[in-house]
Amino acid sequence: MIDQMEGFSYNYTAVGSVRIEASVANPQKDSINGSDLVMKVTRLSGSAEDAGVQLSSKEIRVGVGAGQYRYFKVKFYRQDSAPVRLRLKNGAESVDFNATSNLPAGKWQEYTFDLMRDSEQNSMEGRVFDGFVVVPGVNAPDNTISYIDDIRLSNVIDNAAENIWFASQKPNILCVLS
């Protein structure tokens with residue numbers, strides 16, 4: 001677990017005109033996210049397409065070996081259905097992992113990004129990154145509020161046995177809806 005917003009939370013940096021409020025009350029507890037506290041992200045007027053939250057100084061090694069991770073997981077609760085994006089950074093270099101599906105707003109959703117290939121299908125195996133940016137709504141309208149929780153790295157697709165089949169299809173993104 002990188003961050004679950006319960007008590008301790010990293011110091012996130014705003015990217016592209018957003019307001020970040022760490023550890024606010026969960027707007028809707030449900031089966032996907034029963035946490036008490038979450039991060040609130042508000043897109044401000046004139047925000048860039050990829051406005052989001054950044055955490056630097058968190059090493060991410062991509063792969064399936066010891067000390068490496070294949071999946072980046074994050075939970076979102078959003079007011080809009082704009083696509084989400086994960087950007088891994090290494091100094092000035094960045095690599096995008098896009099989620100192009102427009103999923104329903106108004107409920108918690110868990111996104112799982114497969115880090116083995118970026119959005120352009122380039123192999124990322126063996127790469128090391130030193131931070132990430134989570135964009136809760138690419139090109140979302142101004143003043144849109146999103147909530148983020150349970151940011152984690154993993155080598156398993158899902159804890160539910162019925163969802164293990166996704167691992168063999170190597171999708172760029174998966175989503176669990178409540």
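**Entry 1: a cut-off, then serine 17**

Before anything else I wrote down the burial scale: buried is under 20% relative accessible area, exposed is over 50%, and partly exposed is in between. I looked up serine 17 with that in hand, and because its relative accessibility is 37%, it counts as partly exposed. I should also note that this is a predicted model. Serine 17 sits in the loop between β1 (13–15) and β2 (18–25). What I went there for was its backbone: serine 17 has a positive phi of about 65 degrees, although it is not a glycine.

I found glutamine 121 on the same kind of search, with a positive phi near 70 degrees in a residue other than glycine. Its place is the loop between β8 and β9. Glutamine 121 has 43% relative accessibility, so I put it down as partly exposed.

**Entry 2: the overall layout**

I stepped back to the whole chain. I have one helix and eleven strands in the protein. Along the sequence the pattern reads β-β-β-β-β-β-β-β-β-β-α-β. I checked burial next: 48% of the 178 residues are buried. For contacts with a separation of 6 or more, I noted that 75% come from residues 24 or more positions apart. The surface came out at about 8100 Å² exposed, with carbon and sulfur atoms supplying 45% of it.

**Entry 3: the cores**

Which residues have the most contacts inside the largest nonpolar core? My list is Phe72, Leu86, Phe113, Leu115, Phe132 and Ile148, in a core of 28 residues. I then asked which strands feed this core, and β3 (37–43), β4 (52–61), β5 (71–78), β6, β7 (93–99), β8 (108–114), β9 and β10 (145–154) each supply at least two residues. Apart from this core lies another, of seven residues, and I noted Ile32, Val38, Tyr77 and Trp108 among them. A reminder to myself: nonpolar side chains tend to be buried together in soluble globular proteins.

**Entry 4: strand β6 and arginine 85**

I spent a while on β6. Six of its seven residues are buried, so I have it down as mostly covered. Five bridges join β6 to strand β9 (residues 128–135), and the two run antiparallel. I followed one of the partners: leucine 86 has valine 134 in β9 as its bridge partner. Leu86 is also one of the residues with the most contacts inside the largest core.

Arginine 85 belongs to strand β6 (residues 84–90). Is arginine 85 buried or exposed? I get 10% relative accessibility, so arginine 85 counts as buried. What does its side chain meet? I found a polar contact with the side chain of glutamate 49, at 3.3 Å. Leaving aside neighbours within four places in sequence, I listed the contacts of arginine 85 as Glu49, Asp50, Asp96, Phe97, Asn98, Phe113, Val133, Val134, Val135 and Val138.

**Entry 5: salt bridges**

My count of salt bridges comes to eleven. I opened three of the pairs.

- Arginine 87 with aspartate 96: the closest N and O atoms are 2.5 Å apart. Arginine 87 is buried because its relative accessible area is 12%, while aspartate 96, at 23% relative accessibility, counts as partly exposed.
- Arginine 127 with glutamate 93: I read 2.6 Å between the closest N and O atoms. The pair links distant parts of the chain, with arginine 127 in the loop between β8 and β9 and glutamate 93 in strand β7, 34 residues apart. I have arginine 127 as partly exposed, with a relative accessible area of 26%, and glutamate 93 is partly exposed with 38%.
- Glutamate 110 with arginine 152: their side chains meet at 3.0 Å, N to O. Glutamate 110 is in strand β8 and arginine 152 in strand β10, so the pair ties together parts 42 residues apart in sequence. I checked burial for both, and glutamate 110 is buried, as is arginine 152.

Where does Arg87 go beyond its pair? I found Asp50, Arg87 and Asp96 linked in a network of salt bridges. Asp50 and Asp96 were already on my contact list for arginine 85.

Conventions:
Residues are numbered from 1 along each chain as its sequence is written. This is a predicted model: local features need pLDDT of at least 70, side-chain atom pairs count only at pLDDT 80 or more; totals for chains, interfaces and linings use all residues. Side-chain values use heavy atoms; hydrogens and water are left out. Helices (H or I, at least four residues) and strands (E, at least two) are DSSP runs, numbered from the N terminus. Buried means under 20% relative accessible area, exposed over 50%, partly exposed in between (1.4 Å probe, protein chains only). A polar contact is a pair of N or O atoms within 3.5 Å; within protein, one must be able to donate a hydrogen and the other to accept it, and residues adjacent in sequence count only if both atoms are side-chain atoms. Contact means heavy atoms within 4.5 Å. Two strands pair if DSSP finds at least two bridges between them. A nonpolar core is a set of buried Ala, Val, Leu, Ile, Met, Phe, Trp, Tyr and Cys residues joined through side-chain atoms within 4.5 Å. A salt bridge is a side-chain nitrogen of Lys or Arg within 4 Å of a carboxyl oxygen of Asp or Glu. Accessible areas come from the Shrake-Rupley method with a 1.4 Å probe; for residues, only the protein chains shown count as cover.
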